[in-house]
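Please work through the exercises below with the sequence and the model at hand. Attempt each task before reading its solution.

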Amino acid sequence: MMEYIPLDFPFLAAALLVGISFYIIIFKKNLIKLIMGIAMLAAGVNLFLVSLGYRAGGTAPIYTDVPEGPMVMSVPQALTLTSIVINVAVLALMLTMVIRIYRHTGSLDSEKSRRLKG
Amino acid sequence: MRRVTGWIVLIVLVAFLVWGVTLIHPFGYPDASDMDDYIIENSQEETGSNNVVAAVLFDYRALDTLGEATILFTAVMGVLLLLRASKRKKETS
Amino acid sequence: MLTKIVRTVANQLILFIVIFGLYVIVHGHITPGGGFQGGAVVVSGIVMLLVAFSSQELKKLLRERVLSIVESSGAVIFIGLAFAGIGTVFFYNLLVGTPIFGRVPAIGPGPGDIWTGGVIPLMNFAVGLKVIAGLSAVVLALALFSGGEEVEE
């Protein structure tokens, strides 16, 4: 008799998002599609962080007019806020580098801008 | 050759991720929550704010917020540096 | 430049968006929100102005020197508040108990009070200034670059 394998849905959704973004990063050549894959990887990691701290039947960890019940864990939510801001900053930097590469070489293919020539 | 290697790496990574999901605690019942219980109990009298997440971000873990503000500043400086007009080299006779 | 209807509506809506963003920043220690979230709301209002008017017009409103001074002052206020409690520990919350921002609220659920929180509302304000100035400079530089001209030295 097989025992119950815990395969809860939010963790599985986060693993699926990370898996799809791995497929995009390995197999696609367009630079804009690579950046979209990295953004999807960030979204999957943020979802995983927030869903680690859930308590069944819990409410938001704020004391202003809160209903009865236990409170959800509060430290993963603070770490997710920091992670979102860092991802926005890194994505902006990557997009300006893609703009510069396009002005310099004239194409958005990652195979054509590999050699270090002037 | 490159495509075969890519597919093998992708299948190994996704299998490892899905196997790792089965080892986490069931969704909704975390087990190691001593630090969060202390923070939720004592944050109103130690910091004086009703918002526990803001107290964690700016009082209990303020060094992480300092690092994040530094990263934001560095990224803004990097973007404004990459979009400057380049100086044309003047021809000297 | 878009049509006259879009320009008039954007002129009326920018006031409400800026006030809502400042509300989210100031009430960061009572309700959900804070410095980063309120700063993102105000920057989205500036992006709406950038779409309705052209980027050349917005360059006269947001000069580079003013944005640089505002962002640097946000960072300096944050570090100054961190060093103010250096007698005990780095980042010590030294305003709890003093009459500036230091009332302790009632323990347990209840309505919130603005004059609580210690050093947290001042840090929210500093981080909000930094996010508004930094992200609007990035958005303006990207719009000017795609329009054909580059940011001057």
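The exercises that follow concern a predicted model.

**Exercise 1. The form of chain A**

Task: Determine which pattern chain A follows along the sequence, and whether chain A is spread out or compact.

Solution.
Step 1. Chain A contains three helices and zero strands.
Step 2. Read along the sequence, these elements give the pattern α-α-α.
Step 3. The radius of gyration of chain A is 20 Å, whereas the globule rule gives 13 Å for 118 residues. The value is well over that of the rule, so chain A is more spread out than a compact globule.
Step 4. Along the principal axes, the C-alpha atoms of chain A fill a box of roughly 65 × 50 × 15 Å.
Step 5. Of the 118 residues of chain A, 14% count as buried.
Step 6. Among the contacts in chain A with a separation of 6 or more, 51% join residues 24 or more positions apart.

**Exercise 2. The contact of chain A with chain B**

Task: State how many residues each chain gives to the contact, and which element provides the largest share on the side of chain A.

Solution.
Step 1. Chain A gives 40 residues and chain B gives 37 residues.
Step 2. On the side of chain A, the elements that give two or more residues are helix H1 (9–27) and H3 of chain A.
Step 3. H3(A) supplies the largest share of this side, 14 residues.
Step 4. Sorted by class, the side of chain A that touches chain B has 29 nonpolar, eight polar and three charged residues.

**Exercise 3. Two packed helices**

Task: Describe how H3(A) and H3(B) are placed relative to each other, and name the residues that meet.

Solution.
Step 1. Two packed helices are described by the angle between their axes and the distance between the axes.
Step 2. Helix H3 (residues 75–105) of chain A and helix H3 (residues 52–60) of chain B pack at an angle of about 60°, and their axes are 9 Å apart.
Step 3. Angles of 65 to 115 degrees count as roughly perpendicular and those under 35 degrees as roughly parallel. H3(A) and H3(B) are therefore oblique to each other.
Step 4. The crossing of H3(A) past H3(B) is right-handed.
Step 5. From H3(A), A:Val75, A:Gln77, A:Ala78 and A:Leu81 take part; they meet B:Val53, B:Val56 and B:Leu57 of H3(B).
Step 6. By class, this contact of H3(A) with H3(B) has six nonpolar residues, one polar residue and no charged residues.

**Exercise 4. The surroundings of H3(B)**

Task: Explain why H3(B) is described as largely enclosed, and identify what covers its buried residues.

Solution.
Step 1. A residue is buried if 20 or more other C-beta atoms lie within 10 Å of its own.
Step 2. The buried residues in H3(B) include B:Val52, B:Ala54, B:Phe58, B:Asp59 and B:Tyr60.
Step 3. Nine of the nine residues of H3(B) are buried, so the helix is largely enclosed by the rest of the structure.
Step 4. The cover includes H3 of chain A, helix H2 (34–46) and helix H4 (62–82) of chain B, and helix H5 (120–146) of chain C.

**Exercise 5. One residue of chain C**

Task: Decide whether C:Val24 is buried or exposed, and list what C:Val24 touches.

Solution.
Step 1. C:Val24 is found in helix H1 (residues 4–26) of chain C.
Step 2. C:Val24 has 22 other C-beta atoms within 10 Å and is therefore buried.
Step 3. Leaving aside residues up to four places away in sequence, C:Val24 touches C:Gly33, C:Gln37, C:Gly38 and C:Val41.

Methods. Residues numbered from 1 in each chain as written. Chains lettered and ligands numbered in written order. Predicted model: local features only at pLDDT ≥ 70, side-chain atom pairs only at ≥ 80, totals over all residues. Axes fitted to C-alpha atoms, helices over the stretch in contact; angles between N-to-C directions. Helix = DSSP H or I, 4+ residues; strand = E, 2+ residues; numbered from the N terminus. Parallel < 35°, antiparallel > 145°, perpendicular 65-115°, else oblique. Left-handed = near helix turned anticlockwise from the far one by under 90°. Contact = placed C-beta atoms within 7 Å. Nonpolar A, V, L, I, M, F, W, Y, C, P; charged D, E, K, R; others polar. Buried ≥ 20, exposed ≤ 12 C-beta atoms within 10 Å, placed from the backbone. Rg over C-alpha atoms; globule rule 2.2 N^0.38 Å.
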